[in-house]
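Me: I have a model open and want to go through its contacts. Can you take my questions as they come?

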There are 2 protein chains.
Amino acid sequence: MKIATWNVNSIRIRLQHVVDWLIQNPVDVLCMQEIKVVDENFPRSPFEELGYHLHLAGQKSYNGVAILSLKPLQDVSTGFSATLTEVAPEWNEQKRVITGVIDGIRIINLYVPNGAAVGSEKYEYKLRWLNVLREYLQILLASTPNICMCGDFNIALEAKDIHEKVNTENHIMASEPERQALRDILALGFSDAFRKFTTEGGHYSWWDYRAASFRRNLGWRIDHHYLTPNLYERAKSCTIDITPRKLTQPSDHAPVIVEF
Amino acid sequence: MKIATWNVNSIRIRLQHVVDWLIQNPVDVLCMQEIKVVDENFPRSPFEELGYHLHLAGQKSYNGVAILSLKPLQDVSTGFSATLTEVAPEWNEQKRVITGVIDGIRIINLYVPNGAAVGSEKYEYKLRWLNVLREYLQILLASTPNICMCGDFNIALEAKDIHEKVNTENHIMASEPERQALRDILALGFSDAFRKFTTEGGHYSWWDYRAASFRRNLGWRIDHHYLTPNLYERAKSCTIDITPRKLTQPSDHAPVIVEF
DNA sequence: GGATACACGG
DNA sequence: CCGTGTATCC
């Protein structure tokens with residue numbers, strides 16, 4: 001089974017890229033982030049024609065996540081509230097979470113807040129969001145211990161996940177509080193699928209549109225598959241496919257694929 | 001000598017269409033309207049490489065007129081104030097007028113206000129603008145009696161200049177006050193070059209982008225060459241070239257060409 | 001730098 | 001329907 005995660009930065013703009021990629025890479029599950037469209041306007045048919053079932057948590061303009069899967073998912077829910085019944089409903093307004101179960105594996109597709117700048121209001125929101133996520137995961141783990149949690153985490157955990165032309169100190173996506181919040185989540189029992197197979201740095205999943213970052217390979221590895229122990233053992237590969245990032249009008253992110 | 005008028009609806013968007021058209025139709029003079037760009041950002045070189053001299057009266061976002069000519073123009077001025085020294089300077093804010101002389105012929109390139117809806121503030125502005133234009137022309141006629149006044153007049157003078165799917169009564173571009181204001185201008189001694197050669201209706205220079213107007217030929221003839229008697233006598237042809245309107249991402253107007 | 005929405009002019 | 005700007009987000 002292959003599961004991919006890809007921040008597509010607008011599914012309507014990227015439709016052809018994503019369809020073409022799926023034809024070349026017929027993964028079992030595709031988790032998308034930043035679809036930037038309400039469910040009614042999601043371009044369903046091109047994906048349904050490829051045999052995918054669609055599970056959407058869309059929103060106008062911003063955010064929005066979707067899971068496409070060849071087999072339909074079971075036990076699908078969106079947002080934190082479906083699981084974390086005591087959480088404030090505001091945590092569901094931004095569409096950043098969708099989950100479902102396939103072959104006994106719970107897939108959790110996340111679009112972690114970007115956080116703007118360290119110390120900003122959005123940064124505080126990101127840290128609080130990660131804390132809510134941790135509580136959410138604790139509950140899910142109790143019922144479905146096999147979890148593939150993937151998506152755009154907007155956090156690079158190690159120096160080798162970031163190109164060297166940036167001052168990482170107190171940089172958004174690299175600050176210690178963000179990293180610690182993510183480590184606290186991983187401590188629930190998740191491991192980075194990519195690092196099972198690749199230890200060296202210089203592998204990235206996101207390159208800023210500005211300053212010709214991709215051409216100069218000034219990237220960040222911020223899109224991840226985090227696996228619970230059983231799945232981590234079973235993982236056979238985890239790769240980043242940078243080919244779609246080379247197309248015209250690309251997403252700023254590349255897809256990351258894990259295989260079991 | 002061939003003189004063309006074309007409302008290009010943004011020269012930056014239409015650059016390739018206009019360049020291609022000039023290569024196929026190497027007119028001596030091209031009068032453009034709605035260039036929608038300040039002079040500093042006008043794409044000069046593609047036209048200069050074709051041998052054209054550029055005379056610009058551009059503005060940000062809206063309006064803007066330009067004359068391109070193989071021979072440089074003499075006595076170029078923009079706006080009403082250069083000639084009508086007593087007019088309020090507000091009449092020069094919207095860039096709708098540019099003029100110059102070539103081979104003893106004064107070319108006046110106009111973008112007449114659209115007028116929005118009959119009775120609106122913009123409509124009153126259009127009528128007052130036409131009145132100022134008349135005073136302006138009176139002065140120019142005294143020094144240069146041979147005038148080719150062309151451009152987007154946003155007025156169709158006769159029923160046969162308008163398709164029949166529209167109720168012309170009190171319609172913008174066809175209302176009696178607009179037509180009378182234009183007739184008052186033509187009474188200074190101008191004649192419609194197009195009507196020297198073609199008397200039947202059904203020839204249009206503008207089709208609304210909406211409602212598939214071009215496909216259904218629901219057009220208006222609102223782009224004109226008005227000539228003083230000597231030039232009118234010398235006119236050999238006046239045609240509308242609808243081919244660029246068939247391209248993808250076309251201007252809503254077609255070029256009109258007069259030949260002496 | 002590239003995506004979104006919205007307002008305005010036509 | 002098709003341009004142009006502005007603002008917001010990343």
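Reply: What follows covers the DNA strands, a pair of helices in each chain, and one record entry.

Me: Before that, what are the ground rules here?
Reply: This is a predicted model, in which local features need pLDDT of at least 70, side-chain atom pairs count only at pLDDT 80 or more, and totals for chains, interfaces and linings use all residues. Residues are numbered from 1 along each chain as its sequence is written, chains are lettered from A and ligands numbered from 1 in the order in which they are written, and side-chain values use heavy atoms, with hydrogens and water left out.

Me: OK, DNA strand C. Which residues are closest?
Reply: Ser10(A), Arg14(A), Ser61(A), Gln249(A) and Asn114(B) are the closest of the 17 residues that surround DNA strand C. A residue is near a strand if one of its heavy atoms lies within 4 Å of it.

Me: What part of DNA strand C comes within 4 Å of the protein?
Reply: Sugar and phosphate make up 80% of the atoms of DNA strand C that come within 4 Å of the protein.

Me: Any polar contacts to list?
Reply: Here a polar contact is a pair of N or O atoms within 3.5 Å; within protein, one must be able to donate a hydrogen and the other to accept it, and residues adjacent in sequence count only if both atoms are side-chain atoms. A polar side-chain atom of Ser10(A) is 2.8 Å from a phosphate oxygen of DNA strand C. From chain B, a side-chain N or O atom of Asn114(B) lies 2.6 Å from a sugar or linking oxygen of the strand, and one of Lys122(B) lies 3.4 Å from a phosphate oxygen.

Me: Which helix gives the largest share of that surface?
Reply: Helix H1 (residues 11-24) of chain A, with 3 residues. Helices (H or I, at least four residues) and strands (E, at least two) are DSSP runs, numbered from the N terminus.

Me: And by class?
Reply: The surface near DNA strand C has 4 nonpolar, 5 polar and 8 charged residues. Ala, Val, Leu, Ile, Met, Phe, Trp, Tyr, Cys and Pro count as nonpolar, Asp, Glu, Lys and Arg as charged, and the others, Gly among them, as polar.

Me: Now DNA strand D. Which residues come nearest?
Reply: Asn114(A), Ser10(B), Arg14(B), Ser61(B) and Tyr209(B), out of 15 residues around DNA strand D. Sugar and phosphate account for 88% of the strand's atoms that come within 4 Å of the protein.

Me: Polar side-chain distances there?
Reply: Asn114(A) has a polar side-chain atom 3.4 Å from a sugar or linking oxygen of DNA strand D. For Gln249(B), the partner is a phosphate oxygen of DNA strand D, at 3.3 Å.

Me: Switching topic. How do H3 and H4 of chain A pack?
Reply: Helix H3 (residues 121-143) and helix H4 (residues 176-186) of chain A pack at about 5°, with axes 9 Å apart. H3(A) is therefore roughly parallel to H4(A). Axes are lines fitted to C-alpha atoms, for helices over the stretch in contact, and angles run from 0 to 180 degrees between N-to-C directions. Angles under 35 degrees count as roughly parallel, over 145 as roughly antiparallel, 65 to 115 as roughly perpendicular and the rest as oblique.

Me: What classes of residue make the contact of H3(A) with H4(A)?
Reply: 8 nonpolar, no polar and 4 charged.

Me: Last one: what does UniProt list for chain A?
Reply: An unreviewed UniProt entry lists residues 4-253 of chain A as "domain: Endonuclease/exonuclease/phosphatase". That span is 25% helix and 23% strand, and its end C-alpha atoms lie 12 Å apart.

Methods. UniProt positions renumbered as here; feature names shortened; annotations may be inferred.
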